[in-house]
Amino acid sequence: MILAQSIRMAVMSIVGNKVRSFLTMLGIVIGVSSVILLVSVGQGVTGQITSQFSDLGTNQLTVMITGRGAVTSLTAEEVAAFSRVPGVDQVSPTISSNVTAKYRNVHTNVSLEGITASYEKVQNFHVQSGRFLLDIDNEYRQKAALIGTETAKKLFGADNPVGREIQLNGTSFQIVGLLQAKGTSLSGSNDKKILIPLSTSERLLQSKGIQTFTVTALSDKDVASVKTAIGQILDRKFLRAKDAYSVFDSKQMLDTLKKTSGTLSLALAGIAGISLFVGGIGIMNIMIISVNERTREIGIRKAIGAKKIDILLQFIIESMVLSTMGGILGIGAGLGLTWLVGQLTALQVGYAWNMVNISFLFSLFIGVFFGILPASKAARLRPIQALRTD
C-alpha cells in the first residue's frame, strides 16, 4: 500500500512539472539511445566484415611482398610454382592499380586488377552474365575484361555491357562478363572495379612483377604447413632479407578482427555511458531542488505520522520513475535511430538486444544511486524545522 502510494505521488509530481521532468530525463534518454545505437552499428559492421571473411574461408593465406631492394616482386611463373607446395589447392596472383575507364563520352576512375582464372574460386567472384576469364586469356594476353555492377551502371546505365568495348587508359578492351554484385569490403567497393588477364595487366600497367597473391590450402589443417613452406621458399628467394614479405592468415585475421571490434564496441558503449552518468547527476540536482521546494510538505507528512522510511522511499521512487521513463524513451529512440541508420546508409546494423537490457537496468541503477542523497536529505528533516519553512 505504501509502495503504491509512493509511486502514485512520484508520478503526480513528475506530471505536475512536465518540462522540468522531461529536461531531467533527457540526459538518460541521450545516454541510453547512444549506447544502443553505437553498439548496434558496431555489431552490424563486425558481422558484415566477419561474413565477408567467412565467405572466403579460413583456409586462405595472403602473401604481400613488402621489402625494399633490387628484388621486390615475383614473376608469374614463380607465383604459379607455389601451387606445387604440398597442401596447396589454388594460387591467385593479383596486380592492382587505378585506371580511367571510358565508353563513348562517359569516363570514370576505377580499380583495375590483373588476375588469373583461379581468382573466381579463391576470391569468390562470379559473373551474372557472360563468362569469367580463362587460362587462354592469360596465355594469349587477350584484351578481355570483367566489369563490376557499379562501373557498368556508370558507363552503360541500364544497358547490358557484355560484348561492348571500353577504353582503359586509352587501350581498347572487350567486356566478356558482368560480375555479380558484391558490396563493400575492407578494401573498398567490390563493384567499382574491372578485372583483366594478369599477363595483359603487366603490359597495360607496366608492372615489374607480382607483389600480392592469395593461396588456399586444401583444408584448415594444412594452413600451418603451407604457411611454413611458403615462408621457407620466400626466405631463399629474398636471402632472408628482413621484412621482405608478410603472410596473413585469414583465420588469425578474423580472430583479431573480432577481438578488436569487441573492444571498440565496449569503448563506444563506455563513451556513450558517460552521458548516462551526466544524466544521473541531472536527476540528483533536480531531486535536491524538489526536496527544497517541498520542505513544508515533508514537514506536514511527518507531523501526521509519516516515518523516515516513508519519506526516503517516496523520493527514491520518484528518482527511479524519472530514470525508468528516461530509459524507456531512450530505448525507443535508440532502436529507432538504429533502424534509420540501416535504412538510410550502406551500413549493416545488428540490434544489440543484450545492450538494451543492460542500458535499462543501468538507468534503474542511476535512479536509485543518484536518488539516495536527496532522499536522505528529505528523510532527515525535522518536522518543526520543515513546517517553519515558507
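**View 1. The second largest pocket of the predicted model holds about 470 Å³ of space**. Ala76, Ala80, Thr116, Asn138 and Leu198 lie closest to the centre of this pocket, out of the 20 residues that line it. Two or more lining residues come from each of helix 3 (76-80), strand 2 (88-103), helix 5 (135-139) and helix 7 (198-204). By residue class, the lining of the second largest pocket comprises eight nonpolar, six polar and six charged residues.

**View 2. The largest cavity encloses about 70 Å³**. The count of cavities of 30 Å³ or more comes to one. Its lining is formed by Ser13, Ile14, Asn17, Arg20, Ser21, Thr24, Ile286, Met287, Ser290, Glu318 and Leu322. Helix 1 (2-16), helix 2 (18-56), helix 9 (250-293) and helix 11 (308-344) each give two or more residues to this lining. Five of the lining residues are polar, four are nonpolar and two are charged.

**View 3. The largest nonpolar core contains 24 residues**. Leu74, Phe82, Phe213, Val215, Ile230 and Leu234 have the most contacts inside this core. The elements contributing two or more residues are strand 1 (60-65), strand 2, strand 11 (212-217), helix 8 (223-237) and strand 12 (245-249). Helix 8 supplies the largest share, five residues.

**View 4. Surroundings of Leu74 and a separate core**. Beyond its neighbours within four places in sequence, Leu74 is in contact with Ile65, Val79, Phe82, Gly209, Ile210, Phe213, Leu234, Lys237 and Phe238. Another core, of 21 residues, lies apart from the largest one and includes Ile14, Ile316, Ile331 and Val356. Ile14 also belongs to the lining of the largest cavity.

Conventions. Residues numbered from 1 in each chain as written. Predicted model: local features only at pLDDT ≥ 70, side-chain atom pairs only at ≥ 80, totals over all residues. Heavy atoms only, no water. 1 Å grid on protein atoms, 1.4 Å probe; cavity = no way out; pocket = protein on both sides within 12 Å on 5 of 7 lines; lining within 4 Å. Points joined across faces, edges and corners; volume = space filled by probe spheres on them. Helix = DSSP H or I, 4+ residues; strand = E, 2+ residues; numbered from the N terminus. Nonpolar A, V, L, I, M, F, W, Y, C, P; charged D, E, K, R; others polar. Core = buried A, V, L, I, M, F, W, Y, C linked by side-chain atoms within 4.5 Å. Buried < 20%, exposed > 50% of the residue type's maximum accessible area, 1.4 Å probe, protein only. Contact = heavy atoms within 4.5 Å.
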